[in-house]
Amino acid sequence: MNALAAFRSALRALAANKLRSALTMLGIIIGVAAVITMIAVGRGATLRVQEQMKGLGSNIMLVLPGGVTAGGVRLGAQTGQGLTEEDSLAIAREVPAVQVASPSLRAGMQVVAGNANWSTSVLGTTQDYFEAREWPLASGRGFEAAEEQGSAKVAIIGQTVARELFGDLDPVDQVIRVRKVPVTVVGVLSRKGQNAMGQDQDDVVVVPISTYRNRLQGNTSGGKQRRVGSISVKVLEGQDMKAAEEDIRQLLRQRFKVQPGADDPFTVRNLTEILQAQEASSRVMTLLLAAVAGISLLIGGIGIMNIMLVSVTERTREIGLRMAVGARGRDILSQFLIEAITLSLIGGAVGVVLGGVATWAIGAFAGWQVSLSGGAIALAVGFSAFVGVFFGFYPARRAARLQPIQALRHE
């Protein structure tokens, strides 16, 4: 019996018991659909983290004021001794592994342009901030040194602010009012998207930190202390992030005159390391989800074995007749094996369609980021075919080993 004849015979045998065949395939269908959907969800989560890492920039650390203990109560972050612009300059100058360090201040403010207004985040920082965050301009220019030193009324805005205030117009050289202070837009940032907390990074107006302090906030720090809310640090490519973090910590402890054994009055966060840990967790979760979904395929395979054993029992006399007229054991083996594989492949094909629909539904209605890949489809279908061969081989082998005379006597 050739392969085509065996395939036709298998289809006839399956068509003779349509309901039983459909119920047998159900396990494979659910298993394939679950594998495809879970891999798509897990891969989407991994891609989301990778996008956040790309948006954040590489080799990034953030230095924040630390917490203090008052009356035995541990207060929150940024309640301790404040960081200053001088600390940022010291980090950039005295830590060899640091490429740039940029101080910043941030607050929510209302911004007006003509008849349009928008509540956004206003960031006071230096030109080095854009290098630290790997954030290029889409149009216009950056801050000049004289503008940073002279508290110039200039600003660089994000894509969201540009859209809300100017629509399709070019914002460069337009004037906006921030806390009633007229500020000229000199540049527009490229799109960044959301950060790890789900906040829109493009919803921002960036001004020189001296402009923020002297014109928007009012210089209330007094003396030479120029307090900042945070310091963004970019480490040179190829440098050890852990070593750079320790060098920054030791430098700031010296500047803050912290006694040995005392807690740091600041916090150094390795943002790249945090996101890399999230990416690794997403990959592990993807594997776990796929493994759990794969159990459904195994259960479907057990169902195929069970039904094929029942089929062998029901068709014992048919097998005896085939052998009596010249069918060989390998012909019987191939016939039942093809039946099992056909069940798996048809179930796999339906499962692919169902998995694609489920993936689309999750992305459309749940709002999750999903990524359906050809590799996941090939893996699911290939595994379903393997299940058909693995679990169909024993019943097929049992059928092929039947003795013709005993099979003909079976009732």
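**Close-ups of a predicted model**

**View 1. Helix 11, end to end.** With 38 residues at 1.5 Å each, helix 11 ought to span 56 Å, and its end C-alpha atoms sit 53 Å apart, so the two values agree. Keep in mind that this is a predicted model. Follow the chain just past helix 11 and you meet Gly367, which takes a positive phi of about 80 degrees.

**View 2. A nonpolar patch on the surface.** Here we're looking at about 400 Å² of nonpolar surface, made by Leu4, Phe7, Leu11, Ile346 and Val350. Two elements give two or more residues each to this patch: helix 1 (3-15) and helix 11 (329-366). Helix 1 puts in the largest share, with three residues. As a reminder for reading this view, an α-helix makes a turn every 3.6 residues, so residues three or four places apart point the same way.

**View 3. Leu11 up close.** Leu11 belongs to helix 1 and is one of the residues making the nonpolar patch. Its relative accessibility is 34%, and because partly exposed covers the range between 20% and 50%, that's the label Leu11 gets.

**View 4. The second largest pocket.** This pocket has a volume of about 260 Å³. Its lining takes in 15 residues, and those closest to the centre are Glu85, Leu89, Pro103, Thr126 and Ile209. Which elements each supply at least two residues of the lining? They are helix 3 (85-94), strand 5 (98-113) and helix 7 (209-217). As for finding empty space in general, rolling a probe the size of a water molecule over the atoms shows where it is left.

Notes: Residues are numbered from 1 along each chain as its sequence is written. This is a predicted model: local features need pLDDT of at least 70, side-chain atom pairs count only at pLDDT 80 or more; totals for chains, interfaces and linings use all residues. Side-chain values use heavy atoms; hydrogens and water are left out. Patches are made of residues with over 30% relative accessible area and no salt bridge: like charges are joined within 9 Å, nonpolar side chains (Val, Leu, Ile, Met, Phe, Trp, Tyr) within 5 Å. Accessible areas come from the Shrake-Rupley method with a 1.4 Å probe; for residues, only the protein chains shown count as cover. A salt bridge is a side-chain nitrogen of Lys or Arg within 4 Å of a carboxyl oxygen of Asp or Glu. Helices (H or I, at least four residues) and strands (E, at least two) are DSSP runs, numbered from the N terminus. Buried means under 20% relative accessible area, exposed over 50%, partly exposed in between (1.4 Å probe, protein chains only). The expected span of a helix is 1.5 Å times one less than its number of residues. On a 1 Å grid over the protein atoms alone, a cavity is a set of points where a 1.4 Å probe fits but cannot get out, and a pocket is an open set with protein on both sides within 12 Å along at least five of seven lines; lining residues have an atom within 4 Å of a point. Grid points are joined across faces, edges and corners, and a volume is the space filled by probe spheres set on the points.
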